[in-house]
Amino acid sequence: MVNIAAAPDWAELIGELDDGSSLIVVVDDDFVVRAASEEALATFGLPKSDTLGMSAVDLIHAGDLDRAVGAFSEAVAHPGIRPADLYRLRIGPGHYRSFDVSGETLMEGRVVAFRLTDLTERRRAEQLALEQIEVLELLSSGTSRNACLVELANLCERHIEGSLAIIHVENPDGLLEPVTTGPVSRLVLNRWLGTSVKDAGGNLGEAESRRLSHVELDLQPLPHWQSATAALAEAGHSSCVTTPALSPSGEVVGYLEVLRLGAERPSNGELAVHGLVGRLIGLILDRLSFEAALSEAAFTDDLTGLGNRRQMYEDIEALSKRGEPFGLLGIDLDQFAWINNNLGHAAGDALLVEVARRLESSLPSNATAFRQGGDEFVVLVARERRAEDLLAVAKGLLGALREPFTLGSTERRINASIGIAQSMGDGDIDSVLAQADAAMYSAKREGGAGVRLFSEPIGQELMRHMSLAGELQSAIENGELRLVFQPIVRLDTLAITGIEALVRWEHPVRGLLGPGEFVPLAEESSLILELDEWVIGEAGARLDRWSAGRAAGDRIQMWVNVSARSVMRADLVEMIERASKSGLGTLGVELTERDRIDHRGSAIATFNRLRDKGVPIAIDDFGTGRASLHRVVDFEPDVIKIDRSFVRRMVDTPRSRVVVESIIDLAGRLGATVTAEGVEDHRQLSLLQELGCQDAQGFLLGRPMLPSHVETAFGPDLKGHWSATEAPARRASSFLA
Ligand code: C2E
Ligand code: MG
Ligand code: MG
């Protein structure tokens, strides 16, 4: 046996290990407890002298003992491994609680230090996460600021027994004002009334300067509590925790004072409640808060800053409701695909941004520009009856686009085609949009660089020619669809852990089409069911091939996108089960948040069945839809995919960074992992790593590729890792993005 007497000072070792986040127990290689943190001793109800020398066996539930001893021997035999598992541990005679236990071998295998986390705390955290969602939802539903703050004070009081929460916020004059719920004496409440955050002293001043919770265990003798001591004594409150509310940009904008019954130090779980509530107050007080940032993203095209398709629908709907006439101009750039493919995406993006700027600056005051997606823009001209005036607007736009564009080191001229349709304030929006589209294609077919006004013959001819939906049916039968695959990389190891299947259509005449051009068409009919079924079958077969050479513990996860209509299918679960025949893994299902779910109950039932079959579920494009927070609660996703609009902005925009941080935090509390979408550069990659995001996907890590390219890049069984230095070659080889 090793000479433990020569070991270092146990108290010193415990001091080094104890960061206050968990209980620490140190066990020697004979499984004898040698030392424990104060908190661990208190939890297990043991005086210090007794533990030194007692067998750890006495602490473990008989049913968990074999497993615990096995894991322990393994850890001692192989220093460096860190076993982690759940065990029932004795906290008193006949009384056990579940702990999350992780061990670390120290001193060349002579001792193992265990960190124990009480799962009751974890459950508290889960409950807290759900309530956090509720508060954020209140905020997004238009509930007033004060009502949200009252809700937060309630939340705090529910989680901290016998407590009384007072929130002080800064009013527009920079002075503090109290907000509270329960019966509380004016004496306590108004102590800070009329003081500014800057001048606040006492507990507020402490919290402000530390930017952390400040704990006072005995209020009686403290001068800044003197005016309130009578009221405090009456209510039995003798201690207080004061937490600063920080805005997303890091300023102190208010305070949370929580009065407590006894003189005990708050537990870590309780401090977490204070911290969370402080953060939420900060978000609520920030004028553009979390939800505002979410909904801003939902209505704005992140590249150009113009309104997006959804915003356009809202604006048109508002006009239609009032029965006002309007004109729609559909605009498409004639050489965009060429520029994107030959000069690169950065040049394509720069062009779109400049086009948006020129459109905006040449529009009359009753017109608004939107980006529909790709290189398609729409201009809505409100309250306009005369076709001549719409034609004049269109010609003005063409004029503005005629000047050459500077793209990197070259100058290019581009042409645009514009189609015009009119509504006299009646009829449905989609058909006016379709008419503008049809007129625009007519202009394009006649050589581009022109304007066409919608007319009946254009409608008939083009509807026949351009109805992709009609052709899509035969495309599926004729094998014109393809799948491309985009790797998903684990951020700590840079190994490929997943792959997303994305559909493409090799159209015999129009060339390669992205999903944005035909999936929405398919979604208008039951064709989407056939398309999704085809994708699921193909992806399953590919998964079988890529799983064959991999070990059971090292499965690659293949993800498919399914539309909301497929989720309503009774046989979706069986279809997914059937898709992978080898039984070596299962597909995962991504549901985009933008999809409308009409039958919430049956969708939840489908997701429950999928989960039972071991099919993981991801919420795609998180943050862009309106029901984001509800979905997380309803569908219990395994993965939340942060939409690329946040990833794109997070490096330069503190608010987007806060949103990303909050999503990661929220996901962690709910037991989900986060995949960041659209990672395009190294700064984004390292910030995500820093924030503790688990997985990422994006052009930097690999574009969507044909299967053969995936194998060239990552090996036949996809066991390769992503490496920054090989990335450029990989990018060039994958032209199907
Ligand atoms: P998604 O599921 O969010 O897929 C990610 C999209 O982001 C893909 O576009 C991908 O090419 C693109 N992307 C990936 N990394 C980056 C990046 O770093 N920067 C930028 N700018 N973009 C990146 P894609 O393939 O055009 O797909 C668009 C959407 O169409 C998908 O969004 C998905 O919602 C839908 N979709 C794709 N395949 C299918 C399918 O098989 N069935 C259904 N129902 N929908 C599909
Ligand atoms: Mg997806
Ligand atoms: Mg997505």
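Donors of a metal are N, O and S atoms within 2.8 Å of it. Water is not among the atoms, so sites may look incomplete. The model described here is predicted.

With that cut-off, the donors of the magnesium ion (ligand 2) follow the spacing E-x60-N-x28-E-x29-D along the chain. The residues behind this pattern are Glu 500 (OE), Asn 561 (OD1), Glu 590 (OE) and Asp 620 (OD). These protein donors lie 1.9 to 2.2 Å from the ion. Glu 500 belongs to strand β19, while Asn 561 belongs to strand β21 (residues 557–562), so the pair ties together parts that are 61 residues apart in sequence. The two residues were also examined for solvent exposure. Glu 500 has a relative accessible area of 4% and is therefore buried, the limit for that class being under 20%. Asn 561 reaches 25% relative accessibility, so this residue counts as partly exposed.

A second magnesium ion (ligand 3) was examined in the same way. Its protein donors are Asp 620 (OD), Asp 621 (OD), Glu 677 (OE) and Glu 677 (OE). They lie 2.0 to 2.5 Å from the ion. Along the chain, the donors of ligand 3 follow the spacing D-D-x55-E. Asp 620 and Asp 621 are both buried. The magnesium ions, ligand 2 and ligand 3, are 4.2 Å apart. Asp 620 bridges the two.

Ligand 1 was considered next. Around this ligand there are 22 residues. Those that come nearest are Arg 504, Asn 561, Asp 620, Glu 680 and Phe 699. Asn 561 and Asp 620 are also among the donors of the magnesium ion (ligand 2). Polar contacts to ligand 1 include one with Asp 620, where an oxygen atom of the ligand is 2.7 Å from an N or O atom in the side chain. For Arg 644, an oxygen atom of ligand 1 is 3.1 Å from a side-chain N or O atom. For Glu 677, the corresponding value is 3.1 Å. Taken alone, ligand 1 exposes 800 Å². The protein buries 84% of that area.

Three elements give two or more residues to the shell around ligand 1: β19 (496–507), α20 (527–547) and β23 (617–622). Strand β19 gives the most, with four residues. By residue class, the shell divides into eight nonpolar, five polar and nine charged.

The cysteines were then considered. A disulfide is a covalent bond between the sulfur atoms of two cysteines. The structure holds zero disulfides. Cys 148 has a relative accessible area of 0% and is therefore buried. Cys 693 has a relative accessible area of 5%, so this residue is buried as well.

Elsewhere in the chain, Gly 53 is found in the loop between α3 (48–51) and α4 (65–77). At 45% relative accessibility, Gly 53 counts as partly exposed. Gly 53 and Val 32 are 21 residues apart in sequence. In space, they are 5.7 Å apart, C-alpha to C-alpha.

How values were computed. Residues numbered from 1 in each chain as written. Chains lettered and ligands numbered in written order. Predicted model: local features only at pLDDT ≥ 70, side-chain atom pairs only at ≥ 80, totals over all residues. Heavy atoms only, no water. Disulfide = S-S within 2.5 Å. Buried < 20%, exposed > 50% of the residue type's maximum accessible area, 1.4 Å probe, protein only. Near = heavy atom within 4 Å. Polar contact = N/O pair within 3.5 Å; in protein donor to acceptor, adjacent residues only side chain to side chain. Areas by Shrake-Rupley, 256 points an atom, 1.4 Å probe, with all protein chains shown as cover. Nonpolar A, V, L, I, M, F, W, Y, C, P; charged D, E, K, R; others polar. Donors = N, O, S within 2.8 Å, 3.2 Å for Na, K, Ca; no water.
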